[in-house]
Amino acid sequence: MTDFAEIRGEFPILDQRIHGHPLVYLDSAATAQKPSTVIDAEGDFYRTINAGVHRGAHELAARSTVAFEQARAKVARLVGADEQEGHEEIVVTAGATAALNLLATAFGNASQGRGGQVARRFALKPGDEIVVSKAEHHSVLLPFQELAARTGATLKWFELDDDGRIRSDTADEVITSRTKIVAITHISNVTGAVTDLTPIVNRTHEVGGLFILDACQSVPHLAIDFHALGVDFAAFSAHKMYGPTGVGFLYGRRELLEALPPASFGGSMVELAWMNRPAQYMDPPARFEAGTQPVAQVVAAGVAADWMRAIGMDEIARHERTISGELLKLNDLDGVRVLGPVRNERRIGTVAFDVRGVHPHDVGQFLDAEGIAVRVGHHCAQPVHRHFGLFASNRASCGVYNSVEDAAALVAAVARVREFFKV
Ligand SMILES: Cc1ncc(COP(=O)(O)O)c(C=O)c1O
């Protein structure tokens with residue numbers, strides 16, 4: 001049995017008091033805390049290796065390149081992507097938002113004829129359809145809405161059921177022969193609901209479309225295998241998986257990355273550049289990694305990926321399930337409503353809730369005064385809030401370091417909110 005209390009001890013930030021109370025950090029869906037091993041990896045890189053990657057004849061540049069590429073392989077191993085040299089399927093980006101924008105921009109470029117014949121499969125035109133869902137984070141919704149506007153394609157979406165789950169049972173109607181792209185969240189950052197992907201992925205491929213997965217909230221919490229899921233592209237962020245900020249990853253099936261035109265241009269992504277001829281771009285992943293890379297952060301993200309694998313993703317999921325069970329007791333409180341599935345099944349420990357008659361910011365401040373950190377607002381997902389008839393909510397979200405006691409402390413505090421505000 002994994003000792004999760006011991007694992008919590010690896011997070012120095014948690015060992016502090018806030019407003020006189022021990023810190024209860026329940027905001028991991030926004031960003032996860034970092035274990036010492038990840039913090040040290042970033043510092044150690046700067047202390048011993050720091051150099052740019054892929055160029056430079058000196059020893060530090062060579063070591064930096066090895067560390068960077070090893071980190072890419074570690075991340076690939078965590079998510080079931082190819083890690084072999086020459087077959088890499090993981091592209092380094094500045095975050096999941098950047099990864100999704102990279103894709104939307106590259107598709108837009110292909111729609112304007114960039115990338116030649118092989119890139120035609122990414123091109124969109126009026127009449128084509130892009131499908132998202134009402135559960136999407138704005139980082140999915142907006143880049144693809146913008147892509148639709150640029151290309152004349154039509155944006156369509158999956159509706160949600162009463163639990164806020166994506167209606168994957170409607171895949172055959174929503175996805176049509178005109179659908180070119182389907183971009184869907186694996187797990188909502190509001191409801192914590194796990195999407196039933198199989199019918200959507202199958203239907204997308206049946207009509208010849210491309211399936212893009214927003215895996216931001218699944219990679220930190222579940223065992224993921226992008227090959228087994230059959231997705232074409234996926235985006236996720238290092239900072240939500242116990243790694244540093246400023247780094248994210250785009251997964252792409254190798255043959256698709258090879259055909260995809262670049263989205264940003266500059267140093268380190270080009271084989272040959274001339275004044276009077278178009279440049280000849282490098283193979284992926286370099287083609288998508290223009291400019292100096294955040295090497296220290298990527299190296300630390302690799303350490304985070306290995307650290308998670310060492311605990312075991314199934315073990316993490318099992319532990320967090322006990323916490324989500326406790327968090328769901330929020331729904332039993334008078335005047336409190338959980339937005340999302342209230343049964344502890346096909347969901348993670350990300351639980352948004354509404355306290356009737358009390359503004360989410362007031363709830364957040366009340367909890368903060370007790371040392372409990374939750375998120376307040378619309379969590380960059382306004383359509384899903386509208387689905388529940390709200391504009392904003394509170395959200396508690398757990399990570400490996402949380403305990404059932406943390407969740408119980410939250411529930412006990414929320415139970416006093418309405419009385420405190422005299423509603
Ligand atoms: C579901 C989901 N998608 C996308 C993002 C965007 O990730 P980032 O802000 O790290 O780029 C987030 C972050 O909150 C998220 O929760």
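The open sheet in this predicted model has four strands, in the order 13-14-17-16, and the pairing is antiparallel. At its edges stand strand 13, residues 336–339, and strand 16, residues 375–377. Each of these has a single partner strand, so one side of each is left without a neighbour in the sheet. From one strand to the next, the twist averages 30°.

Take the edge at strand 13. Its antiparallel pairing with strand 14, residues 350–355, runs over four bridges. Which residue of strand 14 is the bridge partner of Leu 339? That partner is Ala 352.

Helix 12, residues 360–368, packs on this sheet. The helix touches strand 14, strand 16 and strand 17, the last being residues 393–397. Relative to the direction of strand 16, the direction of helix 12 makes an angle of about 160°.

Now the ligand. How many residues surround it? There are 14, and the closest are Gly 95, Thr 97, His 137, Asn 189 and Ser 237. By character, the shell divides into nine polar residues, four nonpolar and one charged.

One of those closest residues, Thr 97, brings us to helix 4, which covers residues 96–111. Helix 4 has 16 residues and reaches 23 Å from its first C-alpha to its last. That is close to the 22 Å expected at 1.5 Å a residue. Is this helix buried or exposed? Of its 16 residues, 14 are buried, so helix 4 is largely enclosed by the rest of the structure. Just after the helix comes Gly 113, with a positive phi of about 90°.

Technical notes:
Residues are numbered from 1 along each chain as its sequence is written. This is a predicted model: local features need pLDDT of at least 70, side-chain atom pairs count only at pLDDT 80 or more; totals for chains, interfaces and linings use all residues. Two strands pair if DSSP finds at least two bridges between them. Helices (H or I, at least four residues) and strands (E, at least two) are DSSP runs, numbered from the N terminus. Axes are lines fitted to C-alpha atoms, for helices over the stretch in contact, and angles run from 0 to 180 degrees between N-to-C directions. Two residues are in contact if their C-beta atoms, placed from the backbone, lie within 7 Å. A residue is near a molecule or strand if its C-beta atom, placed from the backbone, lies within 6 Å of it. Ala, Val, Leu, Ile, Met, Phe, Trp, Tyr, Cys and Pro count as nonpolar, Asp, Glu, Lys and Arg as charged, and the others, Gly among them, as polar. The expected span of a helix is 1.5 Å times one less than its number of residues. A residue is buried if 20 or more other C-beta atoms lie within 10 Å of its own, exposed if 12 or fewer, and partly exposed in between; C-beta atoms are placed from the backbone.
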